[in-house]
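Have a look at the chain below. We'll go through it by question and answer, starting with the whole and then moving to single residues.

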Amino acid sequence: MAPKTRLFALALVIALPLDQLTKQWIVRNFYYREVQPVIPGWLDLTHVRNPGGAFSFFASGEPEIRLAFFIGASLVAITMLVVFFVKLPRDARLSGAALGAVLGGALGNLIDRVLYGEVIDWIDVHLTATYTWPTFNVADSCIVVGVIALLLETFVEPASDEPGDTATAEPQA
């Protein structure tokens with residue numbers, strides 16, 4: 001099995017079950033909108049539901065259209081992630097793991113939308129005394145961490161020494 005595949009699968013089998021297990025724990029142990037401080041003034045567990053996208057985008061849209069839009073967008077994103085993964089070189093370990101984490105998060109939130117028509121969020125981080133970051137979940141965290149890893153790899157990756165690589169080639173007169 002290629003290194004990228006092992007790390008992709010590992011990230012996926014950690015991200016998706018962890019997301020779904022934590023959401024089920026919240027649903028079973030917290031009533032809707034219940035808040036439990038973990039680190040007072042900084043971190044709370046809060047059971048909320050998000051019918052929209054990131055930062056509640058389109059949350060007030062017509063329910064049937066909103067659900068169809070987000071399920072369709074999720075399926076397109078999942079397809080693109082699989083295509084990107086297949087095109088990776090065999091030894092692209094970081095990209096493989098990052099895409100596995102993003103896919104796990106996308107599937108976790110898609111499962112919520114199919115089962116509940118909305119996403120279960122539960123992590124509340126207070127950035128200041130007056131500002132709380134929008135409530136999120138493990139799936140969202142996996143997506144963000146995976147995208148950051150992909151961006152870092154893209155912008156920090158050392159230049160290639162491959163023949164014909166224009167990034168390291170000597171200027172021609």
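Q: What share of the 173 residues in the chain is buried?
A: Keep in mind that this is a predicted model. A residue counts as buried when its relative accessible area is under 20%. Out of the 173 residues in the chain, the buried share is 38%.

Q: In what pattern do the helices and strands follow along the sequence?
A: The chain has four helices and three strands to place. Reading along the sequence, you get α-β-β-α-α-β-α.

Q: What percentage of the chain's contacts with a separation of 6 or more comes from residues 24 or more positions apart?
A: Contact here means heavy atoms within 4.5 Å. Take the contacts with a separation of 6 or more, then pick out those between residues 24 or more positions apart, and the share is 61%.

Q: How much of the accessible surface belongs to carbon and sulfur atoms?
A: The chain's accessible surface totals about 10600 Å². The part of that surface belonging to carbon and sulfur atoms is 68%.

Q: How far does helix α1 reach from its first C-alpha to its last?
A: Helix α1 covers residues 3-29, which gives it 27 residues. At 1.5 Å a residue, 39 Å would be expected. The model comes close to that, with a reach of 39 Å.

Q: Which elements help to cover the buried residues of α1?
A: Helix α1 has a list of buried residues that includes F8, L12, D19, K23 and I26. Among the elements covering the buried residues are two strands, β2 (43-50) and β3 (119-125). Helices also take part: α2 (63-87), α3 (93-116) and α4 (138-156).

Q: Is F8 buried or exposed?
A: F8 is found in helix α1. Leaving out residues up to four places away in sequence, F8 touches F85, G96, A97, L99, G100 and L103. Its C-alpha is 7.4 Å from that of A101, although the two are 93 residues apart along the chain. With a relative accessibility of 12%, F8 counts as buried.

Q: At what N to O distance do D19 and K23 meet?
A: Both residues lie in helix α1, four residues apart, or about one turn of the helix. An α-helix has 3.6 residues a turn, so residues three or four places apart point the same way. D19 and K23 are both buried. Their side chains form a salt bridge with an N to O distance of 2.9 Å.

Q: Which residue in helix α3 meets K23 in a salt bridge?
A: K23 is buried, with a relative accessible area of 0%. Its side chain reaches a salt bridge partner at 2.7 Å, N to O. This pair links distant parts of the chain, 89 residues apart, from helix α1 to helix α3. The partner is D112.

Q: Why does D112 count as buried?
A: D112 has several residues around it, touching Q20, K23, G117, E118, V119 and I120 once residues up to four places away in sequence are set aside. The cut-off for buried is under 20% relative accessible area. D112 counts as buried because its relative accessibility is 0%.

Q: How many residues apart in sequence are E118 and R49?
A: The side chains of E118 and R49 form a salt bridge at 3.7 Å, N to O. E118 is partly exposed at 22% relative accessible area, and R49 is partly exposed at 21%. E118 sits in the loop between α3 and β3 while R49 is in strand β2, so the pair ties together parts whose separation in sequence is 69 residues.

Q: Which residues do salt bridges with shared partners join into one network?
A: The whole structure has three salt bridges. K23 meets D19 in one of them and D112 in another. Through shared partners, the network joins D19, K23 and D112.

Q: Which residues touch the most other members of the largest nonpolar core?
A: This core has 13 residues. The elements giving it two or more residues are α1, β2, β3 and α4. The residues touching the most other members are W122, I123, V125 and C142.

Q: About how much accessible area does the nonpolar surface patch with V144 have?
A: V144 is in helix α4 and counts as partly exposed at 48% relative accessibility. It forms the patch with V147, I148, L151, L152, F155 and V156. Together, their accessible area is about 690 Å².

Technical notes
Residues numbered from 1 in each chain as written. Predicted model: local features only at pLDDT ≥ 70, side-chain atom pairs only at ≥ 80, totals over all residues. Heavy atoms only, no water. Expected span 1.5 Å × (residues − 1). Buried < 20%, exposed > 50% of the residue type's maximum accessible area, 1.4 Å probe, protein only. Patch = residues over 30% accessible without salt bridge, like charges linked within 9 Å, V, L, I, M, F, W, Y side chains within 5 Å. Areas by Shrake-Rupley, 256 points an atom, 1.4 Å probe, with all protein chains shown as cover. Salt bridge = Lys/Arg side-chain N within 4 Å of Asp/Glu carboxyl O. Core = buried A, V, L, I, M, F, W, Y, C linked by side-chain atoms within 4.5 Å.
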